[in-house]
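Reader: I have a structure open and some questions about its ligands and a few residues. Can we go through them in turn?

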Amino acid sequence: MSVISNQTIEVAKDSLIFSEGEAGDCAYVIETGRVLVYLTREGVEVPLSILGVGEIFGEMSLIDSQNRSASVRALEDVRLSVVNKEQLLRRIYETDSVVQLLMKVLLKRLRLNNENQVSPQRALSATTASREAGEALNQLKIENEVHEAFQKREFALFYQPIVSLESKKVVGCEALLRWLSPEHGMIAPDIFVDVIEASAMVIPIGKWIIEQAMIDLKKIQNELIACGEQDVSDAFQMSINISGQQFVHPQFLSDIDELSRQHGVFSSNIKLEVTERIMLDGSLAIDVLEQCRNRGYSISIDDFGTGFSSLQYLAKMPIDVLKIDRSFVAKMFSEEKSHAVVKSVIYLAHALKLNIIAEGIETEADMQALKELGVQYGQGFLFSKAVNLGEFLKKLK
Ligand code: CMP
Ligand code: MG
């Protein structure tokens, strides 16, 4: 294989370009000549296809991050133009999320088909295959609906008050996504949030959430000032949930800066809620966390204790607040283990000098117990469920 430039290579007749099972780092477009795509099973070559000028190969492993699905060999002297992984993925990333999903579904189908050709007996059973196709189709359907709903502005932000357990005053709120479907009514977030987070829609929808929350924050602060509560307004914090993908997206920091400027919002009035899962990106996440802190945004760790969580990360993360998940608070009195978890999280937060917000406070007893353990803030039905902006503003009066 000879390199003509960093974009073009020449491969002599009969040479192997890559083998099945290898990791792929680039794809190729054929400029001249032809290649053979084949599998080898029990020493026997099974040809899959012959590709010629203008065709691309080696793209599958880049798109679905699996190993090379087949081997490719030059049938003649060939000249290939190299498409690197970043180039290809950037373009794919910019396409519509439904097209992305479609691509994945088709690749899965092609891999399955290749496998069927060489060893029908080892191929997935018909029922498994059709179940997989059904799942993929179902996911595609939900994704499509979510995408359409977003375009039709059927999403709204609701706000749940965050209350000081000491003064009982509302000190902030959490922005929560709701889908108000004209067809099905209000749809619970657990049905669609995962779909959004697993798709590229998370970036535009996430950005819309930040912007809407900022616009509404301004309205809330103005209402507080109108009620003579300047101090409360100055200290009011809007908590915005940020998904892992969104948090480490290259545009995230500039987007949030730009939006704060545009809407005249102070970073000190914004709290970013992230989950422990952002730490899967390791040092990148720490870097973004630090940059957020430097800009004056507070950071709280959501769903603490429910994730893959590891304490070793927690000490490294530049954060301000720990949120105790509602699942622990709900069982605090009925399950000794939940009580132990709540107590340890509080102990840990104190040791790390973090504030604590307890979610899911439903009764006076929950509140008393948490307050006695040293929890400063709470959220839950005892105070209010999440309500639309209009109702939230009324509560401030
Ligand atoms: P990749 O999986 O990266 O590496 C092997 C390549 O062979 C694959 O990408 C496709 O470009 C190509 N390929 C796999 N299966 C077929 C097929 N059935 N017909 C044509 N090309 C294929
Ligand atoms: Mg949250």
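Author: Yes. This is a predicted model. Start at ligand 1: one of its oxygen atoms is 3.3 Å from a polar backbone atom of Met60.

Reader: Which side chain has a polar atom 2.8 Å from an oxygen atom of ligand 1?

Author: Met60 uses a polar backbone atom, at 3.3 Å. The contact you ask about is to a polar side-chain atom, 2.8 Å from a ligand oxygen atom. That side chain belongs to Ser69.

Reader: Which residue's side chain has an N or O atom 2.8 Å from a nitrogen atom of ligand 1?

Author: Ser69 contacts an oxygen atom of ligand 1. For the nitrogen atom, look among the residues that come nearest, including Gly58, Glu59 and Asn114. The side chain at 2.8 Å is that of Asn114.

Reader: How much of the area of ligand 1 does the protein bury?

Author: Taken alone, ligand 1 exposes 460 Å². With the protein in place, the buried part of that is 90%.

Reader: Which elements each supply at least two residues of the shell around ligand 1?

Author: There are 14 residues around the ligand. By class they are seven nonpolar, five polar and two charged. The elements that each give at least two are β6 (44–51), α1 (60–64) and α3 (97–118).

Reader: Which residues coordinate the magnesium ion (ligand 2)?

Author: The donor spacing in sequence is E-x66-N-x31-E-x28-D. The coordination distances run from 2.1 to 2.3 Å. The residues are Glu174 (OE), Asn241 (OD1), Glu273 (OE) and Asp302 (OD).

Reader: How many residues apart are Glu273 and Asp302?

Author: Both residues are buried. Glu273 sits in strand β14 (residues 270–275), and Asp302 in strand β15 (residues 298–304). The pair links distant parts of the chain, with a separation of 29 residues.

Reader: Is Ser384 buried or exposed?

Author: Ser384 is in the loop between β18 (377–378) and α15 (389–396). Leaving aside neighbours within four places in sequence, it contacts Gln160, Pro161 and Lys395. The cut-off for buried is under 20% relative accessible area. Ser384 has 6% relative accessibility, so it counts as buried.

Reader: Why does Ile56 count as partly exposed?

Author: Ile56 lies in strand β7 (residues 56–57). Beyond neighbours within four places in sequence, it is in contact with Ala27, Tyr28, Val29 and Leu51. Partly exposed lies between under 20% and over 50%. Ile56 counts as partly exposed because its relative accessibility is 36%.

Reader: How far apart in space are Ile56 and Ser300?

Author: In sequence, 244 residues separate Ile56 and Ser300. In space, C-alpha to C-alpha, the distance is 46 Å.

Key:
Residues numbered from 1 in each chain as written. Chains lettered and ligands numbered in written order. Predicted model: local features only at pLDDT ≥ 70, side-chain atom pairs only at ≥ 80, totals over all residues. Heavy atoms only, no water. Near = heavy atom within 4 Å. Polar contact = N/O pair within 3.5 Å; in protein donor to acceptor, adjacent residues only side chain to side chain. Areas by Shrake-Rupley, 256 points an atom, 1.4 Å probe, with all protein chains shown as cover. Helix = DSSP H or I, 4+ residues; strand = E, 2+ residues; numbered from the N terminus. Nonpolar A, V, L, I, M, F, W, Y, C, P; charged D, E, K, R; others polar. Donors = N, O, S within 2.8 Å, 3.2 Å for Na, K, Ca; no water. Buried < 20%, exposed > 50% of the residue type's maximum accessible area, 1.4 Å probe, protein only. Contact = heavy atoms within 4.5 Å.
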